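Colleague: Hi! Could you walk me through this one while I have it open on my screen?

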Amino acid sequence: MSLLPKGSQVPKKVLIFGLMLAALIGISTIGISQVAAPVKKDLYSQVELFSYALTTVQSEYVDEKTPQDLIYGALRGMLSSLDPHSQFMDPDEYKDLKTETEGKFGGLGIEISMKDDLLTVVAPIEDSPAWRAGIKAGDRIVKIADMVTRDMSLDDAVKKLRGEPGSRVTLVILREKEDMVKTFTITREIIHVDDVKEPHIITDHIGYVRLTEFRENSYDELHQALEKLKAQGADSLILDLRNDPGGLLDVATKIAEDFLPAGETIVSTKSRHSSDDTVAKSANSNGDFLYWPMVVMINEGSASGSEIVAGALRDNKRAVLVGVKSFGKGSVQSVIPLPDGSGLRLTTARYFTPSGVCINGIGITPDVTVEGDAPDDDNAPDKVNKKNDDDIDTIFSNLERKDDKKIAALSKKDQDDIQLQTAINVIKGMKIDRNFQQK
């Protein structure tokens, strides 16, 4: 039975687009899975409904719209209705996505997501305009310019945050921890991303390196930094993943592998079709860093790839986690190109830590909880929970808590970072424990 009114005719052009949409749905389904589920019979009746709505809008809407405008709008709505991370990208947006993974793009320098249906800062990119202005992980973006974000899609928010370098945008931020609303006016810049920051020996042969993103070159840059630390005499490592919003899944897996012996599970993914489920295991057998005592630092700005690495190293009893609970992004997005140069970013799986936990919307709770801000942030006082002292004493009964001579040799920045100081103490405890076990 046709859904068209009697006497009405569907323009051939619209029918062609309707058929193209049906074909596209079939292609996308096959492309995502090798064993595609049978298409339900009622899908095609719903495509007829879509075609009728499309025809009506094209013929009756007050302003004339091109077929591409209507199809793109429909695709945006369809993808945004799935979850906060799925997105339709027109050709320009798809090109921008590829530019982002190469580490250079324009904007404010913040990673954003939807959390509790609110537009939320995952993390500011270090040395970006947002970072320098004082934007923090966990900030809720209430307004962009003069527009309230309550019903704004993630895609629309990204568009409004980006702009020409040198242009300015005003953000109204809700900072729930401090129960305050604050306004920031920030000048956009071309964002240059350096994945690896500040590799150096802190004290007592303890190496430190900060990873800010998981991009195409992140593994090579981190491995080079680790080799330099080893050459300088490092025998242990603090890997700082605070405010690291994640990135490429395969890069996160490869980085975790550097610290795990062969055969250990790094991460598993589960998708709609069991044939697409994966388990990533370490193939490393004799790496240089397998036996270094290790601490991984996380906070509320650690998401996605950071959580994969932190979860893998903690669950395999390879590292102790220090900091505060992570962001909680445990879903995997696949980028699927479309024939006209546009693309889909589609959630196709959820990932699980080696212990079988999906942290999506939950986050990872560290072994040692220490409140405090990441480096270069002087806006809030640092504090250590009473629970932190108990945790450290439980894990390392032989821990030497104070060493004034060594602390005095640290930079002021390192001394002021209470989370880092806790990580140093944990590493010292691990070394003491190892030496005791070897006697």
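Modeller: Happy to. Let me start in the sheet: strand 12 and strand 15 run parallel and are joined by 4 bridges. Keep in mind that this is a predicted model.

Colleague: Thanks. Which residue is the bridge partner of D240 in strand 15?

Modeller: That would be M297.

Colleague: And what does strand 15 do with strand 16?

Modeller: Strand 15 pairs with strand 16 in the parallel sense, over 4 bridges. If you want one pair to click on, I298 has G323 as its bridge partner in strand 16.

Colleague: Okay, zooming out. How many strands form the sheet, and in what order?

Modeller: There are 6 strands in an open sheet, and the order is 10-11-12-15-16-19. The pairing is mixed.

Colleague: Which ones are the edge strands?

Modeller: Strand 10 (196-203) and strand 19 (368-369) are the edge strands, and each of them pairs on one side only.

Colleague: How do strand 10 and strand 11 run, parallel or antiparallel?

Modeller: Antiparallel, with 5 bridges joining strand 10 to strand 11 (residues 206-211). Look for T203, which stands opposite I206 of strand 11.

Colleague: Back to strand 15 for a second. Are its residues buried or exposed?

Modeller: Buried: 5 of the 5 residues of strand 15 are, so the strand is largely enclosed by the rest of the structure. Both of its faces are covered. M294, V296 and I298 are buried on one side, and V295 and M297 are buried on the other.

Colleague: Which helix lies across strand 15?

Modeller: Helix 9 (residues 305-315) does, and strand 12 and strand 16 (320-323) also lie under its path across the sheet. Helix 9 runs at about 140 degrees to strand 15.

Colleague: How many residues of helix 9 are buried?

Modeller: 9 of the 11, so helix 9 is largely enclosed by the rest of the structure. The buried ones are G305, S306, E307, I308, V309, A310, G311, A312 and L313.

Colleague: And what do those buried residues pack against?

Modeller: Strand 12, strand 15 and strand 16, plus helix 8, strand 13 (265-271) and strand 18 (343-352).

Colleague: What follows helix 9?

Modeller: K317 follows helix 9, and its phi is positive, near 55 degrees.

Colleague: Now helix 7. Which strands does it lie across?

Modeller: Helix 7 lies across strand 10, strand 11 and strand 12 (236-240), and runs at about 20 degrees to strand 10.

Colleague: At what angle do helix 7 and helix 8 pack?

Modeller: Helix 7 (residues 218-231) and helix 8 (residues 249-257) pack at an angle of about 25 degrees, and their axes are 9 Å apart. Angles under 35 degrees count as roughly parallel, and helix 7 and helix 8 are therefore roughly parallel to each other. Their crossing is right-handed.

Colleague: Which residues make that contact?

Modeller: Helix 7 brings S218, Y219 and L222, and helix 8 brings V251, K254 and I255. By class, that contact has 4 nonpolar, 1 polar and 1 charged residues.

Colleague: I've just clicked on R242. Where does it lie, and is it buried or exposed?

Modeller: R242 lies in the loop between strand 12 and helix 8. Its relative accessibility is 2%, so R242 counts as buried. Try selecting E300 too: R242 and E300 are 58 residues apart in sequence, and 7.6 Å apart in space from C-alpha to C-alpha.

Colleague: Nice. Changing topic, where is M114?

Modeller: M114 is in strand 3 (residues 110-115). At 17% relative accessibility, M114 counts as buried, because the cut-off for buried is under 20%.

Colleague: What does M114 touch?

Modeller: Not counting residues up to four places away in sequence, M114 touches P84, L119, M152, S153 and L154. The C-alpha atoms of M114 and S153 are 8.7 Å apart in space, while the two residues are 39 residues apart in sequence.

Colleague: Last one from me: is G166 buried or exposed?

Modeller: Exposed, with a relative accessible area of 52%. G166 is in the loop between helix 6 (154-161) and strand 7 (168-175).

Colleague: And what is G166 in contact with?

Modeller: Leaving aside neighbours within four places in sequence, G166 is in contact with T187 and R188. G166 and R188 are 22 residues apart along the chain, with 5.4 Å between their C-alpha atoms.

Methods. Residues are numbered from 1 along each chain as its sequence is written. This is a predicted model: local features need pLDDT of at least 70, side-chain atom pairs count only at pLDDT 80 or more; totals for chains, interfaces and linings use all residues. Side-chain values use heavy atoms; hydrogens and water are left out. Axes are lines fitted to C-alpha atoms, for helices over the stretch in contact, and angles run from 0 to 180 degrees between N-to-C directions. Helices (H or I, at least four residues) and strands (E, at least two) are DSSP runs, numbered from the N terminus. Angles under 35 degrees count as roughly parallel, over 145 as roughly antiparallel, 65 to 115 as roughly perpendicular and the rest as oblique. A crossing is left-handed if the near helix is turned anticlockwise from the far one by less than a right angle, and right-handed if clockwise. Contact means heavy atoms within 4.5 Å. Ala, Val, Leu, Ile, Met, Phe, Trp, Tyr, Cys and Pro count as nonpolar, Asp, Glu, Lys and Arg as charged, and the others, Gly among them, as polar. Two strands pair if DSSP finds at least two bridges between them. Buried means under 20% relative accessible area, exposed over 50%, partly exposed in between (1.4 Å probe, protein chains only).
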